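User: I'd like to go through this model and ask what backs up each label. Can you take me through it?
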Amino acid sequence: MKLISVTIKHIITFSVLLLVGIPPAIAQDKIAILARTNETTINLRWAPTSSLVWELANKYGYTVERYTMVRDTQNLSPRNYNLLTSPVLRPASEATWEPLVEQDDYAAIVAQAIYGETFELTESFDKDIFQVAQKTQERDQRFSFALFACDQSFSVAKLSGLGYTDEQVKEGEKYLYKVYANVPQTILEVDTAVVFVGLGEQPPLPKIREFKAGFSDKKVVLSWKKTLTDRFYNAFWIEKSTDGGDTYRSISETPIINAYSEEGKGATGTYFKLDTLELNNQETFYRIRGVNPFGETGPYSDIVSGRGSPTITAHATITYHRVDKEGAASIQWEYPQNQEKLIEGFILKVAKTPKGPFNPVTGQMIPRQERNHTITNPQGTGYYSIGLLSGGEELNFSFPYLIQLEDSIPPAVPQDVEASISSQGKVAMKWKSNTEDDFWGYRIFRSNFKQSEFSEITTSPISSSLFEDSLSLDNLTEKIYYKVVAVDKRDNRSEASEVIALEKPDVVPPAPPVIRQTKGLESGAYLEWAPSGSKDVMTHRVYRGVRGSSQWELIANVDSLHFFLDTAVQANQPHLYTVLAVDDAGLESTPAKPVRVSKKASISKVSYEGFSGRSERENKRVILFWRLEDPEIEEIKVYRSVGDQPMSLYRTIGNTEQFTDEQVVQNETYGYQLKAVMKSGLEAGFSERVEVKY
């Protein structure tokens, strides 16, 4: 019971360090091993990688074997075999640990982890999943505590069954060590740990580099590179000196393992440790060295030093200003008198805008006892800010304070304004620069019409006498107009410059014409259109489709008329036509919707002698008769009407003198007409109308 009560006290002491500094155990059934040599011995240090293996190995123990592989650079065959642990290696007994717990904190931690009291599961533990989870969690915590303590003390590691020192080694020989956890395979299979090493092969422990210290108000942040130390060290000793480096003392009672390390995206791989200073303005020295899992300490780092300084939280505040008749400005400010001893003085700066940049008003520091300053030649408009000087640094500047001198005289009107525009709509402007002392900049105005209101296109005054603009050219205005206004620091504006007019490049095609009438005449195909509504149209182009092709042929340019007669086509041959407009820049509109027009053929005179018809109800038909004597007739078109319906083409037959209509209905009246078609393709006129009652 004494052992348990003592070790609980030590575990509470170390629990915060452990939970911060030790990563969670990785649940893998194997043993990891390290070796460290000196001139006469080889130290082995191993550890299970899961709490279950640790618990079982504490019960069944470990076996360490050695094979001599090389002697004097020669490979041995067969190898010399030595069993180094007989009986098996287990943690020391509870009685062995008990006298150590009051003397060694790490021994106390391991003793409590292995032998300390614990809860027991209830008889119905199989129904109580929370007790099972709690039992597993406790074992993981005991395992983590034990490994932590063993990492800090090699002697404790050996008492825990996790370390071994081989003293029966010779120079010139190399050895293969195997460490077994003697857990029966029927319970758990555990991989063997293997390491190959010889005397004097390992280099000395490295010095920690990039050790830095950042001093502030009675505090210092110490930092060093994580990536350069994790391969060698698992803990650190940091020491400091306040007597000029003559004597050093550790800043902690135990090695530091809970140094803060950045994690996640953007992390620099750096450890941080915060220390407090008893006094500011006292030079303090720091050094660091690492501790490896064998309890060995590396060399000290380079020494870093610095002084703490009080944090200055107060700000000076400008409260008032006055401008005298000569134009000098006197500024007053407030600052706590009890803070004067923390600063060296004040610095006054000025800028043209509240956002800066700010420049010093005077090259000299204003004494810390002063609360006012006179500016003999202030800016017409200036934003002033007063800051503090401490340790050669500028800090804690006040909010900008505006001072404006009286001024109602505007700058001169901008002169010699010139402008040009490219085919892509890029406008380049330039003019003669203003020279006034209080000149601020220029404002640029633009309009689509000379007599309309101009709009400002600069969001704030520009200081340059050069300006570029970009225009959209796909609109209907042909010109663009600009003017320039000068502005001083009091926002007094000059009269506008002379208006500059620029002819915009024409990139907008004209509106298309619309074909509104077509006629097929004996003299040709006639088109008539409504012209384009664009003002800059110069001509209309008439195109005819090429038969059997997707090509179009330009057949006419019509300047002032809005119609065209195409005489160069054959009769009764339909052709496609379209019209488009062309402006003074040579841009073409989209074509009008195409139309189909045919030249009308001349009518030949044909005599349809004896044209008549009769009804044969018994044969269910109507028969038509006629006589035609013209040998140039190719075929006959028969037109028919039923009752009051209009006449329409019914049949086309060869050059014959009779036609039988069998598509008839009783008690209906049918009308018929004939039209002869000549071999030349011309059509004759209609015959007289014949009616047959069926």
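**Labels and what backs them**

Analyst: Sure. This is a predicted model. Let's start with one bridge: lysine 178 has valine 194 in β7 as its partner.

User: What makes β6 and β7 a pair?

Analyst: Pairing takes at least two bridges between the strands. Six bridges join β6 (residues 173–181) to β7 (residues 193–198), and the two run antiparallel, so they pass the pairing criterion.

User: And what makes β3 and β6 a pair?

Analyst: The cut-off is again at least two bridges. β3 (residues 62–71) and β6 have nine, in the antiparallel sense, so the label holds. Threonine 63, for one, sits opposite tyrosine 180 in β6.

User: How do you know that the chain is more spread out than a compact globule?

Analyst: Set its radius of gyration, 54 Å, against the 26 Å from the globule rule for 694 residues: the value is well over the rule, so the chain is more spread out than a compact globule. The C-alpha atoms fill a box of roughly 150 × 100 × 60 Å along the principal axes. As for secondary structure, there are six helices and 46 strands.

User: Why is the largest set of nonpolar residues called a core?

Analyst: Members have to be buried and joined through side-chain atoms within 4.5 Å, so the name reflects both burial and contact. This one has 53 residues, and Ile42, Leu44, Trp46, Tyr62 and Tyr177 touch the most other members. Isoleucine 42 touches residues including Tyr164, Val169, Tyr177 and Leu199. Apart from that core lies another, of 23 residues, with Phe611 and Tyr694 among them.

Methods. Residues are numbered from 1 along each chain as its sequence is written. This is a predicted model: local features need pLDDT of at least 70, side-chain atom pairs count only at pLDDT 80 or more; totals for chains, interfaces and linings use all residues. Side-chain values use heavy atoms; hydrogens and water are left out. Buried means under 20% relative accessible area, exposed over 50%, partly exposed in between (1.4 Å probe, protein chains only). Contact means heavy atoms within 4.5 Å. Helices (H or I, at least four residues) and strands (E, at least two) are DSSP runs, numbered from the N terminus. The radius of gyration is taken over C-alpha atoms; the globule rule is 2.2 Å times the number of residues to the power 0.38. Lists of a residue's contacts leave out its neighbours within four places in sequence.
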